[in-house]
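Reader: Can you walk me through this model? I would like to cover the empty spaces, the odd backbone spots and a strand pair.

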Amino acid sequence: MQPSVVSWYDSNASRLAGTYEAVPPTITRDWLADLLPRPPAVVVDVGAGTGRDAGAFAGAGYEVVAIEPSAAMRAEAEARHPSPRIRWLRDSLPALTTVSRSGVAADVVSLSAVWQHVTPADRPRAFRKLVGLLRSGGLLVMTLRHGPDDGRGAHPVSLAEVESLARSHGMQVVRAVPSPDLQGRPDVSWTAVVLRLPDDGTGALPLLRHLILQDAKSATYKLGLLRALCRAADGSAGLAQEDGDEHVRLPLGLVALNWLRLYLPLTRADLPQAPGNRRGAEGLGFAGPGWRALEAGALSSLDLRVGAVLGETAARALHEALREAADHIIRMPANYLTFPGGGRILEATRTRATRPSGSLILDGAFLSAFGSMRVPRHLWTAMQRFAVWVEPALISEWMRLMQGYGITQGRTMDTGILAAAMTWSDPVRDVALPRARALTLMSAGTAVHCVWSGKRLVPDTLDVDHCLPWSAWPCGDLWNLMPSHRHVNQHSKRERLPSAEALQQAGPAIADWWEAAYLRPEDHVLPVRFASEARASLPGLSTVDAVRGPEVQAAMALQRTRLRRDQGVPEWAGHS
């Protein structure tokens, strides 16, 4: 915090004390009381002022660490709230040096009327320090002041900024509540924000936070591997195989495929991935002939996906690039990603995949030919459930590393370029193929019906709906694309999940559509693509036998449940 701000509070402590103490303490506020853990949980009160909140927490049985940089305010606080449950510290944002060194793990970190005193340039560092104080499942409670500065040194704040910082640190916004000023100032208002550091109860999230934020890194490779696994957990979980009770096993080719998709945009933008990496993939350990062919345009990022069909030339280039990436992953990041107490987290087994002699489909069998990677189950499950929070934290730290490498090289890293290159190249929202199949069936006299309403469709009323909505889970697989009446799709279902009842009711119509549009035995391409995509994105499907419609529907229903539970996607009850 700026010295001028501390000096202002030193000079005005006695005048402010009565006013501050007259305001109800944070612990009693309606927007917080039901979220608080039970005492004697640990509360860190940052910017404790006259001790109003610290005293109230201590009085309720909590253990409190009260941080206040102003000596005069601390004196007022200790005189007014002489509780043995409060430890008073002289410390301040953005560094929080003293409390960080103490190793305290807080259940609640509270900042009441403090954030406006942190300069915008210091806020990323300050937020990082605050998150570092929290134990898994802990709450970060902030009140944001909106209004003009009254001379003490305030900067504009916004909920959007806090939400962005939360996403970059894997935090969940639990509650955001606007309120008027409790001191009656007409030009001042507030927003109360409660954030949670997720905890799945297995220790996986603390391990991920350690690997992302604290583990030593000489290049971006560890982050690259973790993000490649995160993308597999979120979009290709169907390719994970059981490996006892404590592990799952992934195709090493899948991990390498995601690695290529992540690094290609970065090297094409000349963004450094290690201190000595200045141009493209120069000096990077995975940049061999196959990689150079991809950089030269042999394939686009959208070709690097399960279910893609490649010609012989492209298939050979990708085969070589996957081999190079798999070798590098085993040699470098998988070898050096370790538990805090020692021991490798990931175990990889390498096999030599046969070079393709013709066109191929990027399916599980091809990707498994490069070997396998054994992942602890609790880590894999956390990535599946919390990818929406884990991946932004990975991206934020990766960008920070690249900016640091740029500084050592005398280069300025444009934040917009960094963010664009870090964006995962999801499939384009393309419904052209199922639309074409529906129109072909119509022209041949075959009836095509809306799977939700049962109405017979004509070209003017035909829409193609993502059954599990694109906004929640950008999946353009054939199994997820359904014919729908335009009014139902655009005005009724929209970007919502079908309820369990609606999906069950539509089951026969969905099966009929799949059979007519994709699974005709005379078609040699679409059935294979349908099966490859379903096996990759829907866990639990058979990897040996032919994929059957009822099996896909059951797996789709499970995925619907996961999206509803983990992401809170709103439901649609069905067509009435």
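Author: What follows takes the pockets and cavities, then the backbone, then a strand and an arginine. Keep in mind that this is a predicted model.

Reader: Fine. How much space lies in the second largest pocket?

Author: About 750 Å³. Its lining is made up of 39 residues. Those nearest the centre of the second largest pocket are Y20, R52, S112, A113 and W190.

Reader: Which elements give two or more residues to that lining?

Author: Three helices or strands from the start of the list are α1 (3-22), β1 (42-46) and α3 (52-59). The others are β5 (134-146), β6 (172-180) and β7 (189-196).

Reader: And which one gives the most?

Author: α1, with 6 residues in the lining of the second largest pocket.

Reader: What is the lining like by class?

Author: The second largest pocket has 18 nonpolar, 11 polar and 10 charged lining residues.

Reader: Now the closed spaces. How many cavities of 30 Å³ or more does the structure hold?

Author: There are 2 of them. The largest cavity holds about 110 Å³ of space, and the second largest has a volume of about 50 Å³.

Reader: Which residues line the largest cavity?

Author: The lining consists of H169, G170, L197, P198, L205, L208, R209, I212, L213, W389, V390 and A393. Helices α8 (204-214) and α15 (377-408) each supply at least two residues. The largest share comes from α8, with 5 residues.

Reader: How many of the lining residues are nonpolar, polar and charged there?

Author: In the largest cavity, 9 are nonpolar, 2 are polar and 1 is charged.

Reader: Same for the second largest cavity: which residues line it?

Author: R227, R261, L262, P265, L266, W398, A421, M422, T423, W424 and S425. The elements giving two or more residues to the lining of the second largest cavity are α10 (252-268) and α16 (415-422). With 4 residues, α10 has the largest share. By class, the lining has 7 nonpolar, 2 polar and 2 charged residues.

Reader: Changing topic. Where are the cis peptide bonds you mentioned as odd backbone spots?

Author: One joins P39 and P40, with omega about 10°. P40 sits in the loop between α2 (30-33) and β1. Another cis bond runs from L93 to P94, with omega near 10°. P94 is in the loop between β3 (86-89) and α5 (97-102). For context, most peptide bonds are trans.

Reader: What about phi at A113?

Author: A113 is not a glycine, yet its phi is positive, about 60°. Most residues other than glycine have a negative phi. A113 lies in the loop between β4 (106-112) and α6 (123-133). A113 is also one of the residues nearest the centre of the second largest pocket.

Reader: Is A113 buried, exposed or partly exposed, and why?

Author: A113 counts as partly exposed because its relative accessibility is 26%, and buried would need under 20%.

Reader: What is the phi of R494?

Author: R494 has a positive phi of about 50° and is not a glycine either. R494 lies in the loop between α18 (486-493) and β16 (497-498). Its relative accessible area is 45%, so R494 is partly exposed.

Reader: On to the strand pair. How does β14 run relative to β15, parallel or antiparallel?

Author: β14 (residues 462-466) and β15 run antiparallel, joined by 5 bridges. In that pairing, V464 of β14 has P483 of β15 as its bridge partner.

Reader: How many residues of β15 are buried?

Author: 5 of the 5 residues in β15 (residues 481-485) are buried. L481, P483 and H485 are on one side, M482 and S484 on the other, and both faces are covered.

Reader: Last one: R486. Where does it lie?

Author: R486 lies in helix α18. At 30% relative accessibility, R486 is partly exposed.

Reader: What does R486 touch, leaving out residues up to four places away in sequence?

Author: R486 touches R435, P459, D460, T461, L462, D463 and H491. A polar atom of the R486 side chain lies 2.8 Å from the backbone oxygen of L462. The side chains of R486 and D463 make a polar contact of 3.1 Å.

Reader: And how far is R486 from T267?

Author: Their C-alpha atoms are separated by 42 Å, and R486 and T267 are 219 residues apart along the chain.

Definitions and conventions
Residues numbered from 1 in each chain as written. Predicted model: local features only at pLDDT ≥ 70, side-chain atom pairs only at ≥ 80, totals over all residues. Heavy atoms only, no water. Buried < 20%, exposed > 50% of the residue type's maximum accessible area, 1.4 Å probe, protein only. Pairing = 2+ DSSP bridges. 1 Å grid on protein atoms, 1.4 Å probe; cavity = no way out; pocket = protein on both sides within 12 Å on 5 of 7 lines; lining within 4 Å. Points joined across faces, edges and corners; volume = space filled by probe spheres on them. Nonpolar A, V, L, I, M, F, W, Y, C, P; charged D, E, K, R; others polar. Contact = heavy atoms within 4.5 Å. Polar contact = N/O pair within 3.5 Å; in protein donor to acceptor, adjacent residues only side chain to side chain.
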